[in-house]
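Hi,

Here is the structure I promised to pass on to you. Please have it open while you read, and my notes follow below it.

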Amino acid sequence: MTTYTDLLIEADKQRLITKEKPLRANCGRIKGNRIAIKKDLDETEKKCTLAEELGHYHTSSGNILDQSSVANRKQELHARAWAYNRLIGLYGIINAYRAGCINSYEIAEHLNITEEFLNEALECYREKYGCYTELDGYVIMFEPRLAVYEGFEDTEN
């Protein structure tokens with residue numbers, strides 16, 4: 001499982017300078033090779049924020065603060081999707097199920113992410129995959145609520 005420290009090391013390896021600062025408007029910001037993380041967040045919130053800022057580094061270009069622009073909103077969504085996949089992914093959902101997690105609070109705690117971050121990720125996955133998706137013998141249902149079923153085989157072959 002990825003920790004906040006792991007993400008700090010990853011950022012450093014990419015020559016990004018990450019500092020905790022007393023930000024007022026946002027939890028995090030990236031400008032060039034500098035990332036600012038809001039100082040008074042707890043470590044789990046810092047981890048989710050840094051993952052998103054790394055997502056911006058990998059997927060965005062230019063200043064996208066003006067979210068009235070469709071292009072900027074798309075870049076924001078791409079950065080968030082990068083962060084969701086980095087910290088959760090479909091395998092993370094399956095692993096949480098295999099660990100006995102039965103609700104979003106338990107899944108978020110197992111993955112060491114915020115419940116808000118998890119719920120936003122699940123909405124992103126629902127938009128991408130629809131009501132469900134299959135992966136390695138598991139079915140992950142996104143509607144009407146999150147559920148994981150195992151033992152499913154691809155019968156189309």
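The notes below go through the helices, the charges and the backbone in turn. Please keep in mind that this is a predicted model.

**The start of the chain**

Let me begin with helix α1, which covers residues 4-13. Four of its residues, Tyr-4, Leu-7, Glu-10 and Ala-11, are buried. Looking down the axis of α1, you will find these buried residues within an arc of 120 degrees, so they line one face of the helix. Asp-12 and Lys-13 sit on the other side of α1 and are exposed.

Just after α1 comes Arg-15, with a positive phi of about 65 degrees. I will come back to that residue further down.

**Salt bridges**

How many salt bridges does a search of the whole structure find? The count is 5. Here are some that I would look at.

One of them pairs Glu-20 with Lys-46, and the closest N and O atoms are 2.7 Å apart. This pair links distant parts of the chain, since Glu-20 belongs to strand β1 (residues 17-21) and Lys-46 to helix α2, with their positions 26 residues apart in the numbering. Are the two partners buried or exposed? Glu-20 has a relative accessible area of 35%, so it is partly exposed. Lys-46 has 11% relative accessibility, which is under the 20% cut-off, and therefore counts as buried.

Helix α2 takes part in another bridge, this time through Glu-52, which pairs with Arg-80. Here the closest N and O atoms are 3.4 Å apart. Arg-80 is in helix α3 (residues 70-87), so this pair also links distant parts of the chain, 28 residues apart. Glu-52 is buried, with a relative accessible area of 17%, whereas Arg-80 counts as partly exposed at 30%.

The next bridge brings together the side chains of Glu-143 and Arg-126, at 3.8 Å from N to O. Arg-126 is in helix α6, and Glu-143 is in the loop between β5 (138-141) and β6 (147-150). The two are 17 residues apart and link distant parts of the chain. Both ends are partly exposed: Glu-143 has a relative accessible area of 35%, and Arg-126 has 23%. Glu-123 joins in as well, since Glu-123, Arg-126 and Glu-143 are linked in a network of salt bridges.

**A negative patch**

Which residues gather in a patch of negative charge on the surface? They are Asp-40, Asp-42, Glu-43, Glu-45, Glu-116 and Glu-120. Two helices, α2 (43-59) and α6 (115-129), each supply at least two residues of this patch. Glu-43, for one, is found in α2. Both helices have thus come up before in these notes: α2 holds Lys-46 of the bridge to Glu-20, and α6 holds Arg-126 of the bridge to Glu-143.

**A buried isoleucine**

Ile-107 lies in helix α5 (residues 104-111). With a relative accessible area of 7%, Ile-107 is buried. Ile-107 and Ile-93 are 14 residues apart in sequence, and their C-alpha atoms are 7.5 Å apart in space.

**Backbone details**

A few spots in the backbone deserve a look of their own. Most residues other than glycine have a negative phi, and most peptide bonds are trans.

Where is the cis peptide bond that joins Glu-143 and Pro-144? Pro-144 is found in the loop between β5 and β6, and omega of this bond is about 0 degrees. Glu-143 is also the residue that meets Arg-126 in a salt bridge.

Arg-15, promised above, is found in the loop between α1 and β1. Its phi is near 65 degrees, a positive value in a residue other than glycine. Arg-15 is exposed, with a relative accessible area of 70%.

Asn-112 also has a positive phi, of about 60 degrees, although it is not a glycine. Asn-112 is found in the loop between α5 and α6. At 32% relative accessibility, Asn-112 counts as partly exposed.

Happy browsing, and best wishes!

Methods: Residues are numbered from 1 along each chain as its sequence is written. This is a predicted model: local features need pLDDT of at least 70, side-chain atom pairs count only at pLDDT 80 or more; totals for chains, interfaces and linings use all residues. Side-chain values use heavy atoms; hydrogens and water are left out. Buried means under 20% relative accessible area, exposed over 50%, partly exposed in between (1.4 Å probe, protein chains only). The arc is that of the directions from the helix axis to the C-beta atoms. Patches are made of residues with over 30% relative accessible area and no salt bridge: like charges are joined within 9 Å, nonpolar side chains (Val, Leu, Ile, Met, Phe, Trp, Tyr) within 5 Å. Accessible areas come from the Shrake-Rupley method with a 1.4 Å probe; for residues, only the protein chains shown count as cover. A salt bridge is a side-chain nitrogen of Lys or Arg within 4 Å of a carboxyl oxygen of Asp or Glu. Lys and Arg count as positive and Asp and Glu as negative; His and the chain ends are not counted. The place of a charge is taken as NZ of Lys, CZ of Arg, CG of Asp or CD of Glu.
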